Amino acid sequence: MELFKSWQDMTALEQAQETYWDMYKDAYGHRPRGVDTSTWTLEDFEQEFASLGSVIQREETDRKTAEAQAIVRFEERVTSLMHTGADRERVIAWLMDAEHANGDADYFCFTQGLPYSYFRKTA
């Protein structure tokens, strides 16, 4: 008994169902519950993909807007605290300590609503 099928071994409907679960999660942040797709046709899935694609695009736009606003708020806060005489790195270290980030820049970004790559150095 085979537990997992490879993508190539799945039927078009099985592939569509898997794609649906992933797109739904991308759109709403969780897998669908109580949705029975066993009777759906490929056309049903295509209609749902179009709808989910719109939701995903809107969520992506909203996320980018929220991150841009978070950057402005964060930088204003850092600048404000730098007036204490501390440099930028020290102020950020204080803020990370206040959030109990323990040096985890990605977690700190999450707590501040910043993009996860905000503190990553680019080469």
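Buried here means under 20% relative accessible area, exposed means over 50%, and partly exposed is whatever falls in between, with a 1.4 Å probe and protein chains only as cover. Y20 is a case of the first kind: its relative accessible area is 2%, so it counts as buried. The legends below describe a predicted model, where local features need pLDDT of at least 70, side-chain atom pairs count only at pLDDT 80 or more, and totals for chains, interfaces and linings use all residues. Residues are numbered from 1 along each chain as its sequence is written, and side-chain values use heavy atoms, with hydrogens and water left out.

**Figure 1. The whole chain: four helices and no strands.**
Reading from the N terminus, the order of elements is α-α-α-α; helices (H or I, at least four residues) and strands (E, at least two) are DSSP runs, numbered from the N terminus. The radius of gyration is 22 Å, whereas a compact globule of 123 residues would come out near 14 Å. That radius is taken over C-alpha atoms, and the globule rule is 2.2 Å times the number of residues to the power 0.38. The C-alpha trace spans about 65 × 35 × 35 Å along its principal axes. Of the 123 residues, 24% count as buried. The accessible surface is about 8,900 Å², with 53% of it belonging to carbon and sulfur atoms; areas come from the Shrake-Rupley method with a 1.4 Å probe, and for residues only the protein chains shown count as cover.

**Figure 2. Close-up on Y20 in helix α1.**
What does Y20 touch, once residues up to four places away in sequence are set aside? The list is P32, V35, T37, W40, F45, E48, F49 and L52, where contact means heavy atoms within 4.5 Å. Y20 and Q47 sit 27 residues apart in sequence, and their C-alpha atoms are 11 Å apart in space.

**Figure 3. T37, in the loop between α1 (12–28) and α2.**
Is T37 buried or exposed? Its relative accessible area is 4%, so T37 is buried. Not counting residues up to four places away, T37 touches Q17, Y20, W21 and F45.

**Figure 4. The largest nonpolar core, 12 residues in all.**
The members are A70, F74, V78, A86, V91, I92, L95, M96, A101, F108, C109 and L114. A nonpolar core is a set of buried Ala, Val, Leu, Ile, Met, Phe, Trp, Tyr and Cys residues joined through side-chain atoms within 4.5 Å. At least two core residues come from each of α2 (42–82), α3 (88–98) and α4 (105–112). The largest share, 4 residues, is supplied by α3. Zooming in on F108, and leaving aside neighbours within four places in sequence, its contacts are F74, L95, M96, E99, A101 and F119. There is also a second, separate core of 11 residues, with W21, M23, A27 and F49 among them. As background, nonpolar side chains tend to be buried together in soluble globular proteins.

**Figure 5. Two residues of helix α2: S54 and E67.**
S54 has a relative accessible area of 45%, so it is partly exposed. E67, with 16%, is buried. Leaving aside neighbours within four places in sequence, E67 is in contact with G113, L114 and P115. As for S54, its C-alpha atom is separated by 38 Å from that of N102, 48 residues apart along the chain.

**Figure 6. Positive phi in the loop between α3 and α4, at H100 and N102.**
Which way do phi angles usually go? Most residues other than glycine have a negative phi. Phi of H100 is near 55 degrees, a positive value in a residue other than glycine. N102 is not a glycine either, and has a positive phi of about 50 degrees. H100 is exposed, with a relative accessible area of 61%, and N102 is exposed too, with 73%.

**Figure 7. F110, an exposed residue in helix α4.**
Why does F110 count as exposed? Because its relative accessible area is 55%. The C-alpha atoms of F110 and R90 are separated by 20 Å, and the two residues are 20 apart along the chain.
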